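User: I'd like to practise reading features off a model. Could you walk me through some, giving the general idea and then the case at hand?

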Amino acid sequence: MKKTASYPLYRLIKWLVRVFYPKTEIVGAEHLPPEPCVIVGNHTQMNGPIVSELYLPVERYTWCAGEMMHLREVPAYAYRDFWSQKPGWSRWFYKLLSYIVAPLSVCIFNNANTVAVYHDSRVITTFRESIRRLQEGASLVIFPEHDAPHNHILCDFQDKFIDLARFYYKKTGQALAFVPMYIAPALKTAYFGEAIRFDPAAPIAEERGRICAALMEAITKIACALPEHTVVPYRNIPKSQYPSNLAKEAYAYEKADG
């Protein structure tokens, strides 16, 4: 793992989070393949990265927005991605907060087990490091939601991360597995579903659509089969608006499934 001058501070922060954040039980670990894979989950705001760093039972690196690792880029990204949907009267506070958290963000994300994700010309570094980590025997954890509603459990997935499987197959001749994960903070549990295997013979555009659809369906099914609980959504909305896993959409989903 990379270490910066702030590594001792990171160790302290990680210890404090482990002490105060509820311990998360892992269910379905038998679905993880013996070889490196890509674990794909619901973001659940801060909960996904915390669970990934502290409780997953495999060596792993989590995809992290590269902007959160560079001091000058944190404020704009943090405000846009986390707090831009806050009520207008409070936005001045969150703009200020985005600058306050910048040094902490740089400390955490540059010392945790992360892979920086970029959407500009630097994207090639994201894929190169990801393939290197997989070849070293580590799995990757990706939270691919973006701000486009899918159902009451998830937002739609960005699909370009599926290209990892194409590059990995060219390097190793092995078909990469994608494992769905549903994180339920209210139940203090993370659940793994059955792996979905990349088909190297199929066109990559078809595989992006097929695998993303299968992952979103699997995560939704896991969530809807659990006891009633509050779902922590991708969007940073008021807690009073958080949905239940057994909302009307869930019953419609289950009925359509047969």
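Analyst: Sure, we'll go through helix packing, buried residues, salt bridges and cysteines in turn. One thing to keep in mind is that this is a predicted model.

User: Let's start with helix packing. At what angle do the axes of H1 and H2 cross?

Analyst: The general idea is that two packed helices are described by the angle between their axes and the distance between the axes. Here, the H1 and H2 axes cross at roughly 100° and come within 11 Å. Angles of 65 to 115 degrees count as roughly perpendicular, and that's therefore how H1 and H2 sit relative to each other.

User: Which residues of H1 and H2 meet?

Analyst: On the H1 side you have Tyr10, Lys14, Val17 and Arg18, and they meet Ile50, Glu53, Leu54 and Tyr55 of H2.

User: Glu53 catches my eye. Is glutamate 53 buried or exposed?

Analyst: Buried means under 20% relative accessible area. Glutamate 53 has 12%, so it counts as buried. Its place is in helix H2, which spans residues 47-55.

User: What does the side chain of glutamate 53 reach?

Analyst: It reaches the backbone nitrogen of asparagine 113, at 3.4 Å. If you skip neighbours within four places in sequence, glutamate 53 is in contact with Tyr10, Lys14, Arg60, Ala112 and Asn113.

User: Got another buried polar residue? What does the side chain of threonine 220 contact?

Analyst: Threonine 220 makes a polar contact of 2.9 Å with asparagine 151, side chain to side chain. Threonine 220 lies in helix H8 and is buried, at 1% relative accessible area.

User: And a buried residue in a strand? Where is alanine 190?

Analyst: Look at strand S9, residues 189-192: that's the place of alanine 190. Its relative accessible area is 0%, so alanine 190 is buried. Leaving out residues up to four places away in sequence, alanine 190 touches Thr24, Glu25, Ile26, Val27, Val51, Tyr182 and Ile183. For a sense of the fold, compare sequence and space: alanine 190 and tyrosine 55 are 135 residues apart in sequence, yet their C-alpha atoms are 9.1 Å apart.

User: On to salt bridges. How many does the structure hold?

Analyst: The idea first: side chains of opposite charge can pair when their charged atoms come close. This structure holds 14 salt bridges. Let's take a few examples.

User: Which one ties together parts that are 88 residues apart in sequence?

Analyst: That's the pair of aspartate 147 and arginine 235, whose side chains meet at 3.3 Å, N to O. Aspartate 147 lies in strand S6 (residues 145-149), while arginine 235 is in the loop between helix H8 (204-225) and helix H9 (248-257), so the bridge links parts 88 residues apart in sequence. Aspartate 147 is partly exposed at 44%, and arginine 235 is partly exposed as well, at 35%.

User: What about a bridge within one helix? Where do arginine 166 and aspartate 163 lie?

Analyst: Both are in helix H7 (residues 163-172), three residues apart, which is about one turn of the helix. Their side chains form a salt bridge at 3.4 Å, N to O. Aspartate 163 counts as buried at 7% relative accessibility, whereas arginine 166 is partly exposed at 28%.

User: Any others?

Analyst: Arginine 122 and aspartate 120 form a salt bridge at 2.8 Å, N to O. Both ends are partly exposed: arginine 122 at 27% and aspartate 120 at 35%. There's also a network of salt bridges that links Glu129, Arg132, Arg133 and Glu136.

User: Last topic, cysteines. How many disulfides are there?

Analyst: A disulfide is a covalent bond between the sulfur atoms of two cysteines. The count here comes to zero. For cysteine 107, the nearest cysteine sulfur is that of cysteine 64, 13 Å away. For cysteine 224, the nearest one belongs to cysteine 155, at 15 Å. The cut-off is 2.5 Å between sulfurs, so neither distance qualifies.

User: Are cysteine 107 and cysteine 224 buried or exposed?

Analyst: Cysteine 107 is buried at 4% relative accessibility, and cysteine 224 is buried with a relative accessible area of 4%. In helix H5 (residues 102-111), Cys107 is one of the buried residues, along with Ala102, Ser105, Asn110 and Asn111. What covers them includes helices H1 (7-20), H3 (74-83) and H4 (91-100).

Methods:
Residues numbered from 1 in each chain as written. Predicted model: local features only at pLDDT ≥ 70, side-chain atom pairs only at ≥ 80, totals over all residues. Heavy atoms only, no water. Helix = DSSP H or I, 4+ residues; strand = E, 2+ residues; numbered from the N terminus. Buried < 20%, exposed > 50% of the residue type's maximum accessible area, 1.4 Å probe, protein only. Polar contact = N/O pair within 3.5 Å; in protein donor to acceptor, adjacent residues only side chain to side chain. Contact = heavy atoms within 4.5 Å. Salt bridge = Lys/Arg side-chain N within 4 Å of Asp/Glu carboxyl O. Axes fitted to C-alpha atoms, helices over the stretch in contact; angles between N-to-C directions. Parallel < 35°, antiparallel > 145°, perpendicular 65-115°, else oblique.
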